[in-house]
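Welcome, and take a moment to turn the model around before reading on. The paragraphs below walk through it step by step.

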Amino acid sequence: MRMIFVNLPVKDLPATRRFFNALGFSFNEDFSDDTAACMVVDENIFVMHLTEEKFSQFVTGKVGDPEQQTQVLTCLSASSRQEVDDFKAKALAAGGREWKPNMEFGPMYGCSFQDVNGNVWEFMHMDQSGG
């Protein structure tokens, strides 16, 4: 079994926790402290929100600023088009910002937004019904 840990630098850890709590995510407190918040996405998928100081301990060079350049696109799956729209509405209501208009590519429908730190998130429904 493999696990995935996406590591993101954040400017304001308490605001980050509030934002993602508002979107329905929980945190594993065993791997969280005043420098890191371990967000549970699924059984084996986690996002480590690390203060910029903590993040800098794991990289060579400068920590990028997501407000200035896109560093990563983190895309999560959705069960329906409605869930995409509802999730984006929750994100914007919680303090996220519009990033790009909703997108439609054949059987895929999704949205994107920036979290309170400027990191880009996508939420995508992939219709596999073949119809």
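Which glycine in the turn of the E6 and E7 hairpin has a positive phi? It is glycine 106, with a phi of about 60 degrees, and two residues lie between the strands of that hairpin. Before going further, a word on the ground rules: this is a predicted model, in which local features need pLDDT of at least 70 and side-chain atom pairs count only at pLDDT 80 or more, while totals for chains, interfaces and linings use all residues. Residues are numbered from 1 along each chain as its sequence is written, and side-chain values use heavy atoms, with hydrogens and water left out.

Names such as E6 refer to DSSP runs, numbered from the N terminus: helices are H or I runs of at least four residues, and strands are E runs of at least two. Two strands are said to pair if DSSP finds at least two bridges between them.

Let us begin with the sheet that holds E6 and E7. It is an open sheet of four strands in the order E5-E8-E7-E6, and its pairing is mixed. At the edges stand E5 and strand E6 (97-105), each with a single partner strand, so one side of each has no neighbour in the sheet. From one strand to the next, the twist averages 20 degrees; the axes behind such angles are lines fitted to C-alpha atoms, for helices over the stretch in contact, and the angles run from 0 to 180 degrees between N-to-C directions.

Now follow the pairings across this sheet. E6 and E7 run antiparallel and are joined by six bridges, one pair of partners being phenylalanine 105 and methionine 108 in E7. E7 and E8 are also antiparallel, with seven bridges, and tyrosine 109 has histidine 125 in E8 as its bridge partner. These two strands form a hairpin with five residues between them, and glycine 118 in the turn has a positive phi of about 95 degrees. On the other side, E5 and strand E8 (residues 120-126) run parallel, joined by six bridges, and serine 77 stands opposite methionine 124 in E8.

Is strand E7 largely enclosed or largely open? Six of its seven residues are buried, so E7 is largely enclosed by the rest of the structure. Here buried means under 20% relative accessible area, exposed means over 50%, and partly exposed lies in between (1.4 Å probe, protein chains only). Glycine 110 is found in this strand, which spans residues 108-114, and glycine 110 counts as buried at 0% relative accessibility. For a sense of scale, glycine 110 and glutamate 29 are 81 residues apart in sequence and 31 Å apart in space, C-alpha to C-alpha.

Next comes another open sheet, with four strands in the order E1-E4-E3-E2 and mixed pairing. Its edge strands are strand E1 (4-10) and E2, each pairing on one side only. Here the twist averages 35 degrees from one strand to the next. Strand E2 (residues 26-28) and E3 run antiparallel, with three bridges between them; serine 26 has valine 40 in E3 as its partner, and asparagine 28 stands opposite cysteine 38. E3 also pairs with strand E4 (residues 45-51), again in the antiparallel sense, over six bridges. Alanine 36 is matched with leucine 50 in E4, and E3 and E4 form a hairpin with two residues between them.

What about the cysteines? The whole structure has zero disulfides, a disulfide being a pair of cysteine sulfur atoms within 2.5 Å. Cysteine 75 is in no disulfide, and the nearest cysteine sulfur, that of cysteine 111, is 8.8 Å away. Cysteine 75 counts as partly exposed at 40% relative accessibility, whereas cysteine 38 is buried, with a relative accessible area of 1%.

Cysteine 75 also leads to the last stop, as one of the residues that line the largest pocket; others include Phe25, Asp42, Glu83 and Phe123. On a 1 Å grid over the protein atoms alone, a pocket is an open set of points where a 1.4 Å probe fits, with protein on both sides within 12 Å along at least five of seven lines, and lining residues have an atom within 4 Å of a point. The volume of the largest pocket is about 180 Å³, counted as the space filled by probe spheres set on the points, which are joined across faces, edges and corners. Strand E3 (36-42), strand E5 (73-78) and helix H3 (81-93) each supply at least two lining residues, and E5 gives the most, with three. By class, the lining has seven nonpolar, one polar and two charged residues; Ala, Val, Leu, Ile, Met, Phe, Trp, Tyr, Cys and Pro count as nonpolar, Asp, Glu, Lys and Arg as charged, and the others, Gly among them, as polar.
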